[in-house]
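The exercises below are to be worked through with the sequence and the model side by side. Each task is followed by a solution that proceeds step by step.

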Amino acid sequence: QLPRSPSSLAPDEGTYSQLVTSLANYDNFLSSKLTEDSLFLNSRSLLVPSWILHEIGFSSLNSIRIVSVTYSVMSSVIMFLLLHNFPIKKVNFKKPQTLQIFITSAILVFSFFPSHFIWSELGLRESASEFWILLSSYLILKIGSIENKKYLFYHLFFLMIAVLGMFGSR
């Protein structure tokens, strides 16, 4: 069972939870003081998926936390793809297992680094920012290494979505 109140480590978690509740009450949301400081605009990529979960039936606080954890897990997957597919492969290790050990160690350190772990557990927009930045980096590297230009349009399209996601989570 998750705690039902915002953490004292992250008071923003409670504010995001209030924004999700206000977003669910659309009439009340437009007149809400929470939108005056543009917090909604700066955290859309966290709040909109949370609002969808809230509409399904999760509490606003739990929906913020679930979306934050999901972004964090996806960030770890993208970090794996970055380490597994790009320039590090060109480094020659004496033992073939050394590269796999390095990649696994880097992913574990990244995933359980204290700040990353806290962002993923608490409902903070930093997990969304991290995800969109890593996705953009991955797509930029992928675009630079595309051999078949047939897929260039798709990668550019997803890069555009990732850049919009970055602006929705700053």
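**Exercise 1.** Determine how H4 and H5 are oriented towards each other.

*Solution.* H4 and H5 are oblique to each other, the class left over once angles under 35 degrees are counted as roughly parallel, over 145 as roughly antiparallel and 65 to 115 as roughly perpendicular. The angle behind this is a crossing of roughly 125° between the axes of helix H4 (residues 44-56) and H5, which come within 8 Å; axes are lines fitted to C-alpha atoms, for helices over the stretch in contact, and angles run from 0 to 180 degrees between N-to-C directions. The crossing in which H4 passes H5 is right-handed, that is, the near helix is turned clockwise from the far one by less than a right angle. On the H4 side the meeting residues include Leu 46, Leu 47 and Leu 53, and on the H5 side they include Ile 64, Val 67 and Tyr 71, contact being heavy atoms within 4.5 Å.

This is a predicted model, in which local features need pLDDT of at least 70 and side-chain atom pairs count only at pLDDT 80 or more, while totals for chains, interfaces and linings use all residues. Residues are numbered from 1 along each chain as its sequence is written, and side-chain values use heavy atoms, with hydrogens and water left out.

**Exercise 2.** Establish whether Ser 120 is buried or exposed, and find its contacts beyond its neighbours within four places in sequence.

*Solution.* Ser 120 belongs to helix H7 (residues 114-121), helices being DSSP runs of H or I with at least four residues, numbered from the N terminus. With a relative accessible area of 6%, Ser 120 is buried, a term that means under 20%, against over 50% for exposed and partly exposed in between (1.4 Å probe, protein chains only). Once the neighbours within four places are set aside, Ser 120 is in contact with Arg 65, Ser 68, Val 69 and Ser 72. Its C-alpha atom is separated by 8.0 Å from that of Val 73, 47 residues apart along the chain.

**Exercise 3.** Locate Leu 83 and state its burial.

*Solution.* Leu 83 lies in helix H5 (residues 60-85), and its relative accessible area of 16% makes Leu 83 buried. Between the C-alpha atoms of Leu 83 and Ile 107, 24 residues apart along the chain, the separation is 8.6 Å.

**Exercise 4.** Place these details within the protein as a whole, beginning with its secondary structure.

*Solution.* The protein has nine helices and zero strands. Of its 170 residues, 40% are buried.

How values were computed: Helices (H or I, at least four residues) and strands (E, at least two) are DSSP runs, numbered from the N terminus.
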